[in-house]
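Here is a friendly walk through one protein chain, from its overall build down to a few helices and cysteines. Have the model open as you read.

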Amino acid sequence: MIYNKKAECMSVKEKEELQLKRLQVVVKRAYENVPYCRQRLDEAGVTPEEIQTLKDIEKIPFTTKSDLRDAYPFGMFAVSTDDIVEVHTTSGTTGKPTVSGYTEKDLEIWGEVVARALSMAQATKKDIVQNCYGYGLFTGGLGVHYGGQKIGCTVIPISAGNTQRQIEVIQDFKSTIITCTPSYAMYLAEVLEREEIPKEDIKLKAGVFGAEMWTEEMRAEIERRLNVSALNIYGLTEIIGPGVAQECMEKNGLHIFDDHFYPEVVDPQTLETLPEGEKGELVLTTLTREGMPVLRFRTRDITALRSGECGCGRTHVKMERITGRSDDMLKIRGVIVFPSQIERALLKIPGMEPHYQIIASRPQHLDELEVQVETSPALFSDEVKHVEEVKRSIEKHIHNEIGLRVNVSLVEPRSLPRSEGKAVRVIDNRELS
């Protein structure tokens with residue numbers, strides 16, 4: 001199902017012509033209306049008139065989260081606050097939040113790209129979308145809401161939390177599509193199983209999961225336990241919110257809506273643009289936003305890009321599943337470790353619950369990594385010898401995945417904290433200078 005065939009199935013030539021035209025407009029708009037952008041472009045010796053090809057985007061300086069924080073609250077807006085009809089922010093857990101402002105046209109664009117995303121999950125006017133993303137300053141809830149309404153779905157704005165109520169609504173309202181974080185989807189599956197709710201009472205057919213990294217192994221587990229097609233959605237507040245990219249039913253990469261968001265991948269260290277297929281840090285430029293145009297934003301997310309027509313018929317460039325973040329990765333004894341690698345190793349082992357926590361410490365000046373893993377009720381009640389064998393098996397799988405030996409602790413079922421938003425996977429107790 002394709003929401004907007006004209007936009008989603010353009011030829012390469014047609015799309016590149018549109019991208020260049022929009023890039024030239026947005027650079028000029030940012031230069032003339034955002035003092036920060038004008039200053040950065042002047043410092044780089046770049047004028048809007050120099051953007052003659054798509055490759056010329058590499059002349060433009062990068063924008064970072066720090067830049068957006070420094071402009072708090074409205075310093076990145078390209079319009080008067082009179083024309084801003086909605087504002088969202090990041091959580092601000094590591095400093096000042098970044099602020100994102102939307103004009104009426106921006107909200108229309110947001111609804112359009114999320115409608116495309118939900119259509120990839122086969123959403124139609126007949127579907128009931130249970131939207132478990134948080135409403136409020138977080139972009140997740142309202143972004144999905146606007147997209148669902150644009151299609152004509154029945155949207156249940158239940159927001160995050162209140163799991164017992166979520167289960168009741170899934171049953172009573174016959175929800176067909178659910179949107180939430182993948183870790184919360186796993187928790188819902190766990191509760192459904194614990195309460196022995198008959199599968200015939202559940203009408204869910206698809207789930208649109210995002211806001212945190214997850215693996216193919218996690219997808220398989222969610223699909224098995226919830227009996228849905230589990231699809232990956234990608235977005236970030238600084239660019240627009242959810243709806244920057246989405247998986248279709250082919251499940252082999254996320255389509256970036258590159259008529260609205262121009263993607264690049266760069267080496268996180270050298271900042272050189274990488275060729276197609278090479279992994280690096282995703283950089284995004286908004287091509288159509290009015291309220292807050294953003295040029296070459298460093299997302300810190302690690303991925304690779306692939307072009308070509310998909311089996312679904314769409315021609316958007318694809319990004320691979322995010323495998324980590326250039327700023328959130330752990331460096332343990334000189335080895336780069338991403339939480340997704342630990343998850344991948346765990347979910348290869350039968351009987352393991354996909355609930356874990358990674359704890360980094362530095363006793364006696366040497367990095368140590370402990371992985372706490374929940375066992376299934378059956379395994380936890382098993383004899384000590386078998387439990388030790390499982391522990392060693394997990395340590396071996398993780399060692400094979402990351403090349404490091406770690407300490408594995410098996411903990412009781414349901415003893416690790418559950419999250420109704422983003423799961424907290426890593427606790428870094430090292431005092432790093």
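A residue is called buried when its relative accessible area is under 20%, exposed when that area is over 50%, and partly exposed in between (1.4 Å probe, protein chains only). With that in hand, helix α10 is a good place to begin: its buried residues are P339, S340, Q341, I342, E343, A345 and L346. That makes seven of its eight residues buried, and the helix mostly covered. Helices here are DSSP runs of H or I with at least four residues, strands are E runs of at least two, and both are numbered from the N terminus.

A word on the source: this is a predicted model, in which local features need pLDDT of at least 70 and side-chain atom pairs count only at pLDDT 80 or more, while totals for chains, interfaces and linings use all residues. Residues are numbered from 1 along each chain as its sequence is written, and side-chain values use heavy atoms, with hydrogens and water left out.

**The whole chain**

The chain holds 12 helices and 21 strands. Its C-alpha atoms fill a box of roughly 70 × 55 × 40 Å along the principal axes. For 433 residues, a compact globule would have a radius of gyration near 22 Å, and the chain agrees with its 22 Å; this radius is taken over C-alpha atoms, and the globule rule is 2.2 Å times the number of residues to the power 0.38. Of the 433 residues, 56% count as buried. Among contacts (heavy atoms within 4.5 Å) with a separation of 6 or more, 67% join residues 24 or more positions apart.

**Helices α7, α8 and α9**

The table sets out two helices with their buried residues.

| Helix | Residues | Buried residues |
|---|---|---|
| α7 | 163-172 | T163, Q166, I167, V169, I170 and Q171 |
| α9 | 216-226 | E217, M218, R219, E221, I222, R225 and L226 |

What do the buried residues of α7 pack against? Their partners are β3 (128-131), β4 (154-156), β5 (177-180) and α8. Just after α7, K174 takes a positive phi of about 60°.

From the α8 side, L188 lies in that helix and counts as buried at 1% relative accessibility. Leaving aside neighbours within four places in sequence, L188 is in contact with T163, Q166, I167 and I178. Three of these contacts bring us back to the table, where T163, Q166 and I167 are listed among the buried residues of α7.

Helix α8 (182-194) also appears among the partners of α9, whose buried residues pack against α8, β6 (206-209), β7 (229-236), β8 (241-247), α10 (339-346) and β18 (352-361). Here the α10 of our opening comes back into view. Just after α9, N227 takes a positive phi of about 55°.

**The cysteines**

How many disulfides does a search of the whole structure find? The search finds zero, a disulfide being a pair of cysteine sulfur atoms within 2.5 Å. C248 is in none, and the nearest cysteine sulfur, that of C310, is 3.7 Å away. C312 is likewise in no disulfide, with the sulfur of C310 again the nearest, at 3.6 Å. Buried or exposed, where does C248 fall? C248 is buried, with a relative accessible area of 1%, whereas C312 counts as partly exposed at 22%.
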